[in-house]
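Biologist: I'd like to learn how to read the nonpolar parts of a model, inside and out. Could you walk me through this one?

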Amino acid sequence: MDPRSKLAAQAAFALAAFVHTTPRGLLALTGVAALALAAARLSPLASLADLRVLAPFLVALPLLEGLTLGPPWFSLAAARGPALASYRTLLVVLVSVAYVRSTPVRESRAAVQWLVPGRPGRVLGVGVALAFRNLAVLRADLTRSRRALRARLGDRPVFRLEPHAPGARGDAGRPPGARGGRRPARVDRPVSRRPENA
Amino acid sequence: MIAVRDLVHRYGDRAALDGLSLTVADGEFVVLAGPNGSGKTTLVRHFNGLLDPDEGRVEVDGRPVDEHPVAARTSVGMVFQDPRDCFVAATVGADVAFGPENLGLDLAEVDRRVGEALAAVNMAGRGDERIDELSGGEQARVAIAGALAMEPDHLVLDEPLAGLDWPARRATLDRLAALHAGGTGTVVVTHDLRDVIDRTDRLVVLREGRVALDAAPAEVDGDRLAGLGVRPPRGTGRDAA
């Protein structure tokens with residue numbers, strides 16, 4: 001599919017999602033979103049897993065709206081509208097995922113420039129291209145940083161090393177003053193607070 | 001001791017490690033070699049639980065790594081191929097202190113470890129310098145210091161000589177030899193045996209996710225290495241005779 005057609009379809013879908021807010025309308029749009037994912041050869045479950053960072057916001061909105069200060073403490077009627085809004089937002093994002101995964105960056109850039117003519121379109125196109133490309137770079141950087149943190153225990157509570165029982169860890173053959181001779185045993189035991197310098 | 005048993009690790013449908021078994025004793029200097037894609041980096045990342053096995057088991061000092069990741073990461077210090085992948089802070093001292101701080105040590109002990117680790121890599125007194133202003137060789141030394149500050153039993157270095165010029169390679173190897181002499185087991189991952197072959201007790205070559213060769217370097221001839229996809233250093237083992 002031509003990227004311009006994809007953009008138009010995406011915009012039409014978003015418009016429809018905000019017009020047809022009834023459960024029946026959203027059910028039909030769910031089918032359309034599933035078709036979009038299938039066309040992009042994406043697994044719905046994997047796509048939802050990729051969007052898990054959105055989950056707290058999408059869930060929090062209806063929960064907060066439904067809360068009441070007195071009995072019955074939670075109003076389903078009050079939560080219904082925000083719940084439908086959260087769901088339609090999720091559908092729109094899923095269709096966007098299908099677009100992003102199935103469209104090369106340069107084609108997105110060209111489509112945006114076609115959609116918005118002139119200098120604003122060029123600037124927007126450059127912005128879209130940079131954002132899409134940088135997301136992959138940022139993701140790789142994040143993965144590297146997380147690996148570095150994990151390698152030096154930065155992803156866990158602070159742990160204390162238990163005193164080392166001499167000879168218990170095979171230090172007998174080591175030369176005098178070797179590093180192993182004063183090492184504590186390695187025990188996974190969290191401590192209650194970080195050290196003063198942390 | 002690091003013990004790997006029947007380890008399988010898959011990336012999608014491809015098995016990077018295919019039922020690999022290996023034991024590394026305390027204090028050993030092991031060179032882990034193999035062509036690109038043979039599973040070297042994947043294997044060492046299992047040593048301290050940075051990856052989870054699809055099948056098999058990894059133990060450090062008799063404890064399963066997946067159940068005792070902190071013990072494993074304290075016992076096995078990891079230095080990644082690109083030193084910049086190791087850093088978590090902007091300055092040398094803050095980065096080297098990161099590991100000991102996460103062990104809940106007091107300030108004096110953290111300072112002692114940082115000082116000793118920096119001295120071990122010839123970077124003493126440079127704790128306040130910014131890492132991004134150091135040369136590549138100096139960054140490699142800081143990365144090693146960050147691992148050493150955990151006082152590991154085993155130091156695992158993934159391609160520690162890549163990108164270094166000859167003096168820096170020589171200096172790095174001399175430091176590793178000194179650490180090994182002090183009792184720290186050392187595992188060096190490399191695809192180039194030229195500089196390390198004379199310094200190791202044991203050469204392990206991986207091929208297609210399995211151990212294809214495990215021997216003392218003196219027992220290995222160049223043709224065998226070449227057949228396993230590893231460039232043989234001149235005058236290696238029986239070739240030298």
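Biologist: Which residues touch the most other members of the largest nonpolar core?

Modeller: The general idea comes first: in soluble globular proteins, nonpolar side chains tend to be buried together. In this predicted model, the largest nonpolar core has 73 residues, and those touching the most other members are Val4(B), Leu43(B), Phe47(B), Val96(B), Leu155(B), Leu193(B) and Leu203(B). Helix H5 of chain B, residues 136–148, gives this core its largest share, six residues.

Biologist: Okay, let's zoom in. What does Leu155(B) touch, leaving out residues up to four places away in sequence?

Modeller: Its contacts include Ile144(B), Ala147(B) and Leu148(B), along with Leu176(B), Leu179(B) and Val187(B). Gly77(B), Val79(B), Thr184(B), Gly185(B) and Thr186(B) are also touched by Leu155(B).

Biologist: Now a polar residue. Is Thr74(B) buried or exposed?

Modeller: Check the relative accessible area: for Thr74(B) it is 0%, and buried means under 20%, so Thr74(B) is buried. Thr74(B) sits in helix H2 of chain B, residues 69–75, and its side chain reaches the backbone oxygen of Val70(B) at 2.6 Å.

Biologist: And on the surface, which residues make the nonpolar patch?

Modeller: Val59(A), Leu63(A), Leu64(A), Leu67(A), Trp73(A), Phe74(A) and Leu76(A) make a patch of about 750 Å². Helix H4 of chain A, residues 55–66, gives the most to this patch, with three residues.

Biologist: Why does Val59(A) count as partly exposed?

Modeller: Because its relative accessibility is 46%, and partly exposed lies between under 20% for buried and over 50% for exposed. Val59(A) is found in helix H4 of chain A.

Definitions and conventions
Residues numbered from 1 in each chain as written. Chains lettered and ligands numbered in written order. Predicted model: local features only at pLDDT ≥ 70, side-chain atom pairs only at ≥ 80, totals over all residues. Heavy atoms only, no water. Patch = residues over 30% accessible without salt bridge, like charges linked within 9 Å, V, L, I, M, F, W, Y side chains within 5 Å. Areas by Shrake-Rupley, 256 points an atom, 1.4 Å probe, with all protein chains shown as cover. Salt bridge = Lys/Arg side-chain N within 4 Å of Asp/Glu carboxyl O. Helix = DSSP H or I, 4+ residues; strand = E, 2+ residues; numbered from the N terminus. Buried < 20%, exposed > 50% of the residue type's maximum accessible area, 1.4 Å probe, protein only. Core = buried A, V, L, I, M, F, W, Y, C linked by side-chain atoms within 4.5 Å. Contact = heavy atoms within 4.5 Å. Polar contact = N/O pair within 3.5 Å; in protein donor to acceptor, adjacent residues only side chain to side chain.
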